[in-house]
Amino acid sequence: MSLEYTKKKREFNLLVLPGDGVGQEVVNEAIKIIDVINEITDIKIKYEFDYIGGACLDKFNESIRTETIKKALKVNAVLLGAVGSPKWDKQQPEKALLTLRKKMNVFANIRPIKDYFNNNVDILFVRELTGGIYFGPKKLIQTKKEYIAKDVLVYKEHEIKRVLKVAFELANNRNKNLVSVDKANVLISSKLWRELANKISQEYPQVKLRHMLVDSFAYNLIKNPKDFDVVVSENLFGDILTDEAAVLVKSLGMLPSASIGYKSNNGLYRGLYEPVHGSAPDIANQNIANPIATILSVSLMFKYSFNLPYISILIEKAVMENLKQGVLTKDLSNNNYYHTTSEVGENIKNIFKSLLKQELQVLKSQKL
Ligand code: IPM
Ligand code: MN
């Protein structure tokens with residue numbers, strides 16, 4: 001750990017896109033963690049804010065600007081709050097997020113589903129993020145009789161293989177148990193998916209691969225969550241199943257995500273980090289949203305994009321300690337009393353700061 005600390009790259013660029021609704025509020029809290037690191041370590045994370053979604057439509061009349069995408073392709077990581085605003089529904093601000101994911105080529109969306117309250121659930125969900133029905137041809141056709149709407153589900157072999165490889169690698173580093181979710185009894189893309197999973201599985205003889213149909217998986221996820229270690233699925237199934245999985249950990253406000261693609265030349269993953277939840281316009285600007293999903297997304301950023309796993313672990317520890325202290329937002333509280341977004345963020349920041357100080361003290365005493 002000490003060697004890791006002394007020898008690794010310690011300067012990073014971060015693009016911050018708070019976006020819409022609660023996005024701004026939760027990102028504010030997550031940035032406090034980055035500020036602490038800049039303040040008390042020699043790791044330097046330069047960050048810059050920009051616009052996306054409805055916030056960007058308000059200011060520039062488009063949901064994401066070309067220059068923002070260009071920036072996203074240069075930095076080490078992008079931190080995103082949420083995208084989606086009822087005011088701009090017709091313009092579909094969500095498209096900006098899909099464009100960003102596609103341009104960054106972050107095809108593997110890693111969503112850890114961890115129950116920090118009683119350790120009952122620890123699943124790593126890998127969702128394919130840049131293909132499938134989200135990105136296939138779409139058409140609204142008006143005939144004499146009626147409208148016909150088309151969303152086409154397309155997967156190319158290489159798109160399936162690369163995300164499956166990520167899932168096998170992750171499973172290999174955990175409990176070696178991988179479930180691949182599909183609908184192979186109906187969809188041809190799922191048949192190909194299953195075939196390719198079986199093929200790749202030969203390269204990972206230690207990993208136990210099981211196939212499950214999406215409907216049956218949706219049922220078993222709630223019934224026997226302990227049966228699952230790493231789960232992989234195509235884009236739309238992954239979107240739906242991870243919101244469902246949030247029930248297992250009490251709140252959607254607890255789920256972070258990391259979206260990664262191929263490794264960059266510097267050996268690190270350029271990543272897009274965002275909470276699994278959306279912009280939640282119904283609770284926006286009330287200082288009641290749970291900032292933990294976004295703070296944990298920053299933890300994932302240190303793991304996957306900055307390759308500083310010990311910082312990642314300290315952030316997670318700070319979140320766990322905060323929960324132990326019962327400093328909870330409305331979504332987690334069992335009674336009428338709850339803490340605000342900024343109180344939770346502030347408490348996690350303070351815990352993190354003292355954990356990090358302790359850690360630096362230890363390193364110093366080892367004269368490194
Ligand atoms: C998510 C969100 C997005 C998605 C929306 C906002 C387009 O629901 O990240 O899960 O469907 O991917
Ligand atoms: Mn979703």
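Trainee: What makes β4 and strand β5 count as paired?

Mentor: Seven bridges join β4 to β5 (residues 122–128), and the two run antiparallel. Pairing asks for at least two bridges, so these strands qualify. Keep in mind that this is a predicted model. For one register point, look at Ala108, which stands opposite Glu128 in β5.

Trainee: And how do you know that β4 pairs with strand β11?

Mentor: Same cut-off of at least two bridges. β4 and β11 (residues 258–263) share three bridges, in the antiparallel sense, so they pair as well. Here Ile110 of β4 stands opposite Ala258 in β11.

Trainee: Why is strand β4 called mostly covered?

Mentor: Six of the seven residues in β4 (108–114) are buried. Buried here means under 20% relative accessible area.

Trainee: Let's go to helix α9. Why is Asn235 called buried?

Mentor: Asn235 has a relative accessibility of 0%, and the limit is under 20%, so it's buried. Asn235 sits in α9, which covers residues 235–245. Leaving out neighbours within four places in sequence, its contacts include Glu128, Leu129, Tyr134 and Tyr155.

Trainee: What makes the side chains of Asn235 and Arg127 a polar contact?

Mentor: The contact between these two side chains is 2.8 Å. The cut-off for the N or O atoms is 3.5 Å, so the pair is within it.

Trainee: What covers the buried residues of α9?

Mentor: The cover includes β4, β5, β8, α7, α8 and β10. The buried residues themselves are Asn235, Phe237, Gly238, Leu241, Thr242, Glu244 and Ala245.

Trainee: How do you know that Glu234 caps the N-terminal end of α9?

Mentor: A side-chain oxygen of Glu234 lies 3.0 Å from the backbone nitrogen of Leu236. Put that against the 3.5 Å limit and it falls within it.

Trainee: Back to Arg127. Why is its link with Asp239 called a salt bridge?

Mentor: Their closest N and O atoms are 3.8 Å apart. The rule wants a side-chain nitrogen of Lys or Arg within 4 Å of a carboxyl oxygen of Asp or Glu, so this one passes. Arg127 is in strand β5 and Asp239 in helix α9, 112 residues apart.

Trainee: Are those two partners, Arg127 and Asp239, buried or exposed?

Mentor: Arg127 has a relative accessible area of 1%, so it is buried. Asp239 comes out at 25%, so it's partly exposed, the class between 20% and 50%.

Trainee: What makes Asp182 and Arg194 a salt bridge?

Mentor: Their side chains meet at 2.8 Å, N to O, and the limit is 4 Å. Asp182 lies in strand β8 and Arg194 in helix α7, so the pair ties together parts that are 12 residues apart in sequence. Asp182 is buried at 1% relative accessibility, while Arg194 at 24% is partly exposed.

Trainee: Which distant parts of the chain does the pair of Arg10 and Asp42 link?

Mentor: That salt bridge, 2.8 Å from N to O, connects the loop between α1 and β1 with the loop between α2 and β2, 32 residues apart. Arg10 has 18% relative accessibility and counts as buried, since the limit is under 20%. Asp42 is at 45%, hence partly exposed. By this rule the count comes to 21 salt bridges, and Glu48, Asp50, Arg65, Glu67 and Lys71 are linked in a network of them.

Trainee: Why is Ile31 called buried?

Mentor: The relative accessible area of Ile31 is 6%, and the cut-off is under 20%, so it's buried. Ile31 lies in helix α2 and touches Val16, Tyr47, Phe49 and Leu79, not counting residues up to four places away in sequence.

Trainee: Finally, the domains. How many salt bridges does the rule find across the interface of domain 1 and domain 2?

Mentor: Zero. Three residue pairs are in polar contact between domain 1 and domain 2, though. The two domains bury about 1200 Å² between them, 66% of it on carbon and sulfur atoms. In domain 1, Lys102, Phe107 and Leu255 lose the most area to domain 2, together 47% of what that side buries.

Terms used:
Residues numbered from 1 in each chain as written. Chains lettered and ligands numbered in written order. Predicted model: local features only at pLDDT ≥ 70, side-chain atom pairs only at ≥ 80, totals over all residues. Heavy atoms only, no water. Buried < 20%, exposed > 50% of the residue type's maximum accessible area, 1.4 Å probe, protein only. Helix = DSSP H or I, 4+ residues; strand = E, 2+ residues; numbered from the N terminus. Buried area = accessible area lost by both parts, 1.4 Å probe. Polar contact = N/O pair within 3.5 Å; in protein donor to acceptor, adjacent residues only side chain to side chain. Contact = heavy atoms within 4.5 Å.
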